[in-house]
Amino acid sequence: MAALPKAPLDDRLGIEYIEARPERVVARMPVDGNTQPLGLLHGGASCVLAESLGSVAAALNAGPGRFPVGVDINATHHRGVRAGHVTGVATPAHLGRSSASFEIVLSDDDGSRVCTARLTCVLRPAPSGRRD
């Protein structure tokens, strides 16, 4: 887990990784601080958690000398959450040579599904000599 690169946005939203394997990436995020004006978990925060999970999963599956670039994300928000944490689990839907897609399921502390998302990443060759 310590080898995972930390994204500043993950830090801002309080995302913490629990498990990271090519076939399953798990992280959680607090609802507090990530809400919309009515006090519900913001749908954009759910999408950030989903994209973070899928991007880590894609990186773990990309192979040496390759890196993922997200090209499509969609999310269906099933229910509102006002407190506690949401936990996300990313699993592969498609693993190819040039693209990878992941299903990401977010659940509340009671285990109820809050959001279902899908992220597709293009797997690009790492640029030689660049240190971006």
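# Exercises on salt bridges, cysteines and the nonpolar core

Glu19 and Arg21 are joined through their side chains by a salt bridge, with N and O 2.4 Å apart. A salt bridge here is a side-chain nitrogen of Lys or Arg within 4 Å of a carboxyl oxygen of Asp or Glu. The model is predicted: local features need pLDDT of at least 70, side-chain atom pairs count only at pLDDT 80 or more, and totals for chains, interfaces and linings use all residues. Residues are numbered from 1 along each chain as its sequence is written, and side-chain values use heavy atoms, with hydrogens and water left out.

**Exercise 1.** Find the salt bridge of Arg21 with Glu23, and state how exposed Arg21 is.

Solution. Step one: the closest N and O atoms of Arg21 and Glu23 are 2.5 Å apart. Step two: Arg21 has 35% relative accessibility and counts as partly exposed. Buried means under 20% relative accessible area, exposed over 50%, and partly exposed in between (1.4 Å probe, protein chains only). Step three: Glu23, at 42%, is also partly exposed.

**Exercise 2.** Which parts of the structure does the salt bridge between Arg118 and Asp72 tie together?

Solution. Step one: the closest N and O atoms of this pair are 3.0 Å apart. Step two: Asp72 lies in strand S3 and Arg118 in strand S6, so the bridge links parts 46 residues apart in sequence. Strands (E, at least two residues) and helices (H or I, at least four) are DSSP runs, numbered from the N terminus. Step three: salt bridges with shared partners also join Glu19, Arg21, Glu23 and Arg24 into one network. The search of the whole structure finds five salt bridges.

**Exercise 3.** Explain why Cys47 forms no bond with Cys115.

Solution. Step one: a disulfide is a pair of cysteine sulfur atoms within 2.5 Å. Step two: the closest cysteine sulfur to that of Cys47 is in Cys115, 6.0 Å away, which is too far for a bond. Step three: the structure holds zero disulfides. As for exposure, Cys47 is partly exposed at 25%, while Cys115 is buried at 0%.

**Exercise 4.** Describe the largest nonpolar core and the helix that gives the most to it.

Solution. Step one: a nonpolar core is a set of buried Ala, Val, Leu, Ile, Met, Phe, Trp, Tyr and Cys residues joined through side-chain atoms within 4.5 Å. Step two: the largest one has 30 residues, and those with the most contacts inside it include Tyr17, Leu53 and Ile104. Step three: helix H2 (43-62) is among the elements that supply at least two residues each, and H2 gives the most, with eight.
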